[in-house]
Amino acid sequence: MPNRKPVVIITRKLPEAVETRLRELFDARLNDDDHAMSQAELVEAVKQADVLVPTVTDKISKAVIMQAGENLKLIANFGNGVDNIDVETANLRGISVTNTPGVLTEDTADMTMALILAVARRVIEGSQVIGDDNSWQGWSPTWMLGHRTYGKRLGIVGMGRIGQAVARRAKAFGLQIHYNNRRPVHASIEEELEATYWESLGQMLARMDIVSVNCPHTPGTYHLLSAPLLKLMKPDAIIVNTARGEIIDENALARMLEANELGGVGLDVFEHEPAVNRKLLNNPKAVLLPHMGSATIEGRIDMGEKVIINIKTFVDGHTPPDRVLPSMV
Ligand code: 8YV
């Protein structure tokens with residue numbers, strides 16, 4: 001690192017407290033109007049920066065990294081998922097990559113539960129009935145019926161930090177916990193959650209009432225929930241995704257929902273974000289959110305703190321705590 005304050009380019013607007021601290025510590029270049037940077041702007045940024053702080057909206061591809069200047073030594077992602085960064089190319093070019101794990105676990109798990117409940121109990125549909133046009137005609141015993149979640153089977157795809165946080169909440173709501181993961185989790189966690197491990201994703205999907213996607217998006221999980229696997233699900237099952245859109249074949253999902261081959265979907269993420277498959281729009285059985293899973297002010301400040309610690313540690317000549325290696329993705 002140079003014998004001057006390192007140039008840290010932050011691609012999006014961050015909370016005030018985080019930006020102030022970044023300015024104090026580094027030669028921080030901020031994005032005051034918060035526009036999503038174009039590829040050309042990202043190339044310009046990697047040419048100038050010692051450290052780049054991107055977010056999920058910035059594609060730090062091979063083409064971008066190959067144009068980086070000599071000085072770029074660290075990409076400190078403001079986010080947990082690093083599928084926006086070509087970690088392998090960065091590594092080959094001697095550029096370290098870090099992320100912000102741990103601090104958005106609970107917020108994302110809360111949003112997962114919110115989506116499960118919203119879809120099963122028709123929360124958004126119900127709230128839309130009460131509006132300016134006074135369309136609510138009054139209570140009726142057979143109107144706005146959803147489905148009970150208590151006692152139902154929840155299948156969690158990816159039992160990492162977020163999957164386990166979802167499981168803890170869901171267990172408290174009386175759901176039965178099932179999960180598919182590369183490996184079973186530690187026996188003590190399985191015991192605590194009374195969770196059942198399924199080695200076969202297909203076999204699990206076929207038996208679940210609700211499925212929650214909580215694994216990272218890697219080349220190995222792209223379209224993990226493929227059209228043939230989705231077809232195995234019960235016709236009244238619910239799917240919730242707060243991880244990454246690319247993990248589910250969104251087109252197949254939308255077609256099935258339209259054909260009433262699924263009970264409902266709750267999606268916080270989309271395959272071609274910010275574009276959303278048109279077939280999902282205006283379907284009362286789809287609750288759609290604009291990637292808000294970790295959107296709390298507390299979470300964003302914690303993420304910023306992690307980014308700062310990663311940069312500071314790196315600049316001081318140590319291994320940053322949240323280093324991401326190519327073997328991890
Ligand atoms: C963040 C996320 O908002 O951290 C992640 O992986 O998906 C989000 O919750 C976003 O990635 C910030 O870059």
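A cavity here is a set of grid points where a 1.4 Å probe fits but cannot get out, and its lining residues have an atom within 4 Å of a point. The views below come from a predicted model.

**View 1. The closed-off space and the residues around it.** We start with the cavity, since the definition is fresh. The structure holds one cavity of 30 Å³ or more. The space in this largest cavity comes to about 30 Å³. Seen close up, its lining is made of Asn 241, Gly 245, Ile 248, Glu 250, Leu 253, Leu 267 and Val 269. Sort those residues by type and you get four nonpolar, two polar and one charged.

**View 2. The ligand and its shell.** Which residues surround the ligand? Going up the chain, they are Thr 55, Val 56, Phe 78, Gly 79, Asn 80, Gly 81, Leu 104, Arg 244, His 291, Ser 294, Arg 300 and Met 303. By type, this shell splits into six polar, four nonpolar and two charged residues.

**View 3. Oxygen atoms of the ligand and their polar partners.** Zoom in on the ligand oxygens and the backbone shows up twice. A polar backbone atom of Phe 78 sits 2.6 Å from an oxygen atom of the ligand. For Gly 81, a polar backbone atom is 2.7 Å from an oxygen atom of the ligand. His 291 joins in through its side chain, with a polar atom 3.0 Å from an oxygen atom of the ligand. How much of the ligand's surface does the protein bury? On its own the ligand would expose 320 Å², and the protein buries 90% of that.

**View 4. His 291 and its backbone.** The same histidine is worth a frame of its own. His 291 belongs to the loop between β12 and α12 (297–315). Its phi is positive, about 45°, although His 291 is not a glycine. Is His 291 buried, exposed or partly exposed? His 291 counts as partly exposed because its relative accessibility is 24%, and that class runs from 20% to 50%.

**View 5. Asp 34, with another positive phi.** Asp 34 is not a glycine either, and its phi is positive, near 60°. Look for Asp 34 in the loop between β2 (27–29) and α2 (39–48). With a relative accessible area of 31%, Asp 34 is partly exposed.

**View 6. Ala 28 beside Val 8.** Ala 28 is part of strand β2. How far apart are the C-alpha atoms of Ala 28 and Val 8? They are separated by 4.8 Å, while the two residues are 20 residues apart along the chain. Ala 28 has a relative accessible area of 16%, so it is buried, the cut-off for that being under 20%.

**View 7. The second largest pocket.** This pocket holds about 530 Å³ of space. Its lining takes in 27 residues, and those nearest the centre are Val 119, Ala 120, Arg 122, Gly 263 and Lys 285. Three elements give two or more residues to the lining: α5 (105–121), α6 (123–129) and β12 (286–288). Which of the elements gives the most? That is α6, with four residues. The lining as a whole divides into 13 nonpolar, seven polar and seven charged residues.

**View 8. A cis peptide bond at Pro 274.** The bond to look at runs from Glu 273 to Pro 274; it is cis, with omega near 0°. Pro 274 is in the loop between β11 (264–267) and β12.

**View 9. His 217 and Asp 83.** His 217 is in the loop between β9 (210–213) and α10 (227–230). Its side chain makes a polar contact with the side chain of Asp 83, at 2.8 Å. His 217 is buried, as its relative accessible area is 18%.

**View 10. His 186, out in the open.** His 186 sits in the loop between β7 (176–180) and α8 (187–193). With a relative accessible area of 56%, His 186 is exposed. Its side chain makes a polar contact with the side chain of Ser 188, at 2.9 Å. To place this frame against the rest of the chain, take Ser 61: the C-alpha atoms of His 186 and Ser 61 are separated by 35 Å, with their positions 125 residues apart along the chain.

Key:
Residues are numbered from 1 along each chain as its sequence is written. This is a predicted model: local features need pLDDT of at least 70, side-chain atom pairs count only at pLDDT 80 or more; totals for chains, interfaces and linings use all residues. Side-chain values use heavy atoms; hydrogens and water are left out. A residue is near a molecule or strand if one of its heavy atoms lies within 4 Å of it. A polar contact is a pair of N or O atoms within 3.5 Å; within protein, one must be able to donate a hydrogen and the other to accept it, and residues adjacent in sequence count only if both atoms are side-chain atoms. Accessible areas come from the Shrake-Rupley method with a 1.4 Å probe; for residues, only the protein chains shown count as cover. Ala, Val, Leu, Ile, Met, Phe, Trp, Tyr, Cys and Pro count as nonpolar, Asp, Glu, Lys and Arg as charged, and the others, Gly among them, as polar. On a 1 Å grid over the protein atoms alone, a cavity is a set of points where a 1.4 Å probe fits but cannot get out, and a pocket is an open set with protein on both sides within 12 Å along at least five of seven lines; lining residues have an atom within 4 Å of a point. Grid points are joined across faces, edges and corners, and a volume is the space filled by probe spheres set on the points. Buried means under 20% relative accessible area, exposed over 50%, partly exposed in between (1.4 Å probe, protein chains only).
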